[in-house]
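Me: I should like to go through the reasoning behind some of the terms used for this structure. Please set each value against its criterion.

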2 protein chains.
Amino acid sequence: MGRWEPDAAGRLRQAALDLFVERGYEQTTVADIAGRAGVTERTFFRYFTDKREVLFAGANQLQDRIVAAITEAPEEQAPYDVVVDAMAAGGDVLEERREFARQRAAAIASHASLQERELLKLAALSAAAAQALRERGVAEAAAGLLAETGVALFRVAFERWVAAPGTPDLAACVREAAGELRAVAAEYPVHR
Amino acid sequence: MGRWEPDAAGRLRQAALDLFVERGYEQTTVADIAGRAGVTERTFFRYFTDKREVLFAGANQLQDRIVAAITEAPEEQAPYDVVVDAMAAGGDVLEERREFARQRAAAIASHASLQERELLKLAALSAAAAQALRERGVAEAAAGLLAETGVALFRVAFERWVAAPGTPDLAACVREAAGELRAVAAEYPVHR
DNA sequence: TATGCTGATGTCAGAAACTGACATCAAGGA
DNA sequence: TCCTTGATGTCAGTTTCTGACATCAGCATA
């Protein structure tokens, strides 16, 4: 047996989420989180750059999956479809952790400083997706707009998926939202 | 003459921007800002909820202008055109303060926590624009997407306007970006 | 087996951001 | 003249976050 319990970071993440749900983000100190995880405050800050980051440590995995999906898409596929498929693939990353995602989303919604961090992560995701699109030949301006559209689709889909108690999986929600965007685009054609 | 110099908030804003440019955001303490403005730290926190907010106090004015432009647009105007015009109108708010806007943008670009705050403000702007669109009868989903598109246009236009040393005004940059979006949309039609 | 290194953690002191409670005091009105 | 008001100051305290250094099980290696 090691000198310490393994996976301190995981324990910290779990403790933080539990405490944020139990008593709220502001009412939870880093010392509380560390205490519940069985480490000191200093150790918390070795794993996470700040108090908010403990909720966002998994965001890289989602981004990697989406970028990979864009990179590996068939060359002849239209850019819009590439993005929609990639966002659906990103959905699979969360599929197994719906309850976790629900609690985490509720915590984020409860405090502005967590929303700020979420927006920064989504902006990073968008930038990474845009870069991946450029690398497969999509024009500069189009890449940025497509990536932002894709992230917007993902956000809308995620909200519905988290709210819906029932069956639909996240990838399906992404495709549904993409379909609605097509309909809206058809309904309000660009003028002039 | 009053007991204190007038416009403490304005002095704090100016002192903060100057110091952020001179020595950087992190190297500037709230006590520094307050000192240069001739007040105490406590007074700083009476005017601004936190250190970042001192750079964003003017954001409401921009949002109000854009929302008003949407609300007052001719009823028969197509939603996309309403949004483009509103963002151009928002540009007029900044037109007289290009140098100020440049310095402020540079400061924000220099530190992630300021970018977070900026993203939150833009999200609020988007939400307010979407609400204004709904109130003039634009459908739920379309309102959200149009508002986000409009904010994206404004961001792109702002970046170019701030970078360009020369003549173009911000409203013109917004319209130019909107024209490019039309072109991109035509180039990559939605499939299926 | 002894020795020495490594890495994860602890301890401690301190800076900086922020908050609540209360004090001060010019200005302006009753 | 007295009272109230509002902007500010003072002060003490909490929380977040950082740097420097100590500890010590486990592992490699002599």
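Me: In this predicted model, what makes the charged end of Arg104(B) count as sitting over the ring of Phe56(B)?
Reply: The charged end of Arg104(B) is 5.0 Å from the centre of the Phe56(B) ring. The criterion asks for a distance within 6 Å and a position within 35 degrees of the ring normal. In chain A, the charged end of Lys51(A) likewise sits over the ring of Tyr25(A), 4.1 Å from its centre.

Me: Why is the pair of Phe44(A) and Phe48(A) called tilted?
Reply: The structure holds 10 aromatic pairs over all chains. The ring centres of Phe44(A) and Phe48(A) lie 5.3 Å apart with planes at 50°. Stacked pairs need planes under 30 degrees apart and edge-to-face pairs over 60, so the rest are tilted. Both Phe44(A) and Phe48(A) are buried, and together with Phe45(A) and Tyr47(A) they form one aromatic cluster.

Me: Why are Phe158(A) and Trp161(A) described as separated by about one helical turn?
Reply: They are three residues apart in helix H8 of chain A, which covers residues 140–163. Their rings also form a tilted pair, because the centres are 5.9 Å apart and the planes are at 50°.

Me: Why is Trp161(A) called buried?
Reply: Its relative accessible area is 0%, and buried means under 20%. Phe158(A), at 15%, is therefore buried as well.

Me: How do you know that chains A and B have the relation of a two-fold axis?
Reply: A turn of 180° with a shift of 0.0 Å along the axis lays chain B on chain A with an RMSD of 0.0 Å. That is the relation of a two-fold axis.

Conventions:
Residues are numbered from 1 along each chain as its sequence is written. Chains are lettered from A and ligands numbered from 1 in the order in which they are written. This is a predicted model: local features need pLDDT of at least 70, side-chain atom pairs count only at pLDDT 80 or more; totals for chains, interfaces and linings use all residues. Side-chain values use heavy atoms; hydrogens and water are left out. Copies are superposed by least squares on the C-alpha atoms of residues with pLDDT of at least 70 in both. Rings of Phe, Tyr and Trp (its six-membered ring) pair if their centres lie within 6.5 Å; planes under 30 degrees apart count as stacked, over 60 as edge-to-face and the rest as tilted. Buried means under 20% relative accessible area, exposed over 50%, partly exposed in between (1.4 Å probe, protein chains only). Helices (H or I, at least four residues) and strands (E, at least two) are DSSP runs, numbered from the N terminus.
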